[in-house]
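Biologist: Could you walk me through this fold? I'd like the packing and the odd backbone spots.

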Amino acid sequence: MAASLAEALPNYQIFVDHESKGANANHLRALRWASTQDCRVVIMEDDALPVPDFASKVTQWLERFPDDLCSFYLGTGRPPQYQMEIVSKLISADVRHADYITINRLIHGVCYSVPQSKLQHVINRWNHGSPADYAVGDACGGAVVYPCYSLVDHADVATVERHPDNTPRTERRKAWRLDATKNPESMP
């Protein structure tokens, strides 16, 4: 999956977890690499499914929010404790004709971008015992920007990560709304 994803995107670097250290360690590896780059980097897991014209769309969002942690996937099912907040914020955004919401935490590590100026801070505050998405968001601090229409979907396949609570992840893992160029029916 990683190889086919890399073929579809320009300027990629792949980090494979050959030592089975888990998502937390691999996200930290990617963030450390990102901190050595001279541009903002988007980190994407191998089960992300980018919408058509992903690169130009993500660039537009990053230009709008240069100092914010941005997540390009807002998913259903997991984590369950955030689903009602997501629903109410999407409804509120529709009423206000807004194209994004904010949540006080990164709740999905499927596809996100940390501002270049905050990468070292995130690395220094990294929680090695936390799920990768929470580790990124908590270390970064502040609200996370989520487009109302995700720029990636999530391949709803069996999870490979062994979770500390040993609870199977059976909830549907798909975007609440996907960018309209891929799914015209999702337009408001």
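What follows is a short round of questions and answers.

Modeller: First, the ground rules: this is a predicted model, where local features need pLDDT of at least 70 and side-chain atom pairs count only at pLDDT 80 or more, while totals for chains, interfaces and linings use all residues. Residues are numbered from 1 along each chain as its sequence is written, and side-chain values use heavy atoms, with hydrogens and water left out.

Biologist: Which pattern does the chain follow along the sequence?

Modeller: Helices (H or I, at least four residues) and strands (E, at least two) are DSSP runs, numbered from the N terminus. The chain holds six helices and seven strands. Read in order, the pattern is α-α-β-β-α-β-α-β-β-α-α-β-β.

Biologist: Which element gives the most to the largest nonpolar core?

Modeller: A nonpolar core here is a set of buried Ala, Val, Leu, Ile, Met, Phe, Trp, Tyr and Cys residues joined through side-chain atoms within 4.5 Å; buried means under 20% relative accessible area, exposed over 50%, and partly exposed in between, using a 1.4 Å probe and protein chains only. The largest one has 31 residues, with Leu-31 and Val-114 making the most contacts inside it. Elements giving two or more residues are α2 (23-34), α4 (83-96), β4 (100-103), α5 (119-124), α6 (132-140) and β6 (144-147). The top contributor, with five residues, is α6.

Biologist: And how many residues are in the other core, the one with Met-44 and Phe-54?

Modeller: That core lies apart from the largest one and also includes Trp-61 and Val-110. Its count is 18 residues.

Biologist: How is α2 oriented relative to α6?

Modeller: In α2, Ala-23, Asn-24, His-27 and Leu-31 meet Ala-132, Ala-135 and Val-136 of α6 (contact means heavy atoms within 4.5 Å). The two helices pack at about 45°, with their axes 8 Å apart; axes are lines fitted to C-alpha atoms over the stretch in contact, and angles run from 0 to 180 degrees between N-to-C directions. Angles under 35 degrees count as roughly parallel, over 145 as roughly antiparallel, 65 to 115 as roughly perpendicular and the rest as oblique. So α2 relative to α6 is oblique.

Biologist: Is Asp-53 buried or exposed?

Modeller: Asp-53 sits in the loop between β2 (48-50) and α3 (54-64). Its phi is near 65°, a positive value in a residue other than glycine. With 52% relative accessibility, Asp-53 counts as exposed.

Biologist: What is the phi of His-97?

Modeller: Most residues other than glycine have a negative phi. His-97, in the loop between α4 and β4, is exposed at 75% relative accessible area. Its phi is positive, near 60°.
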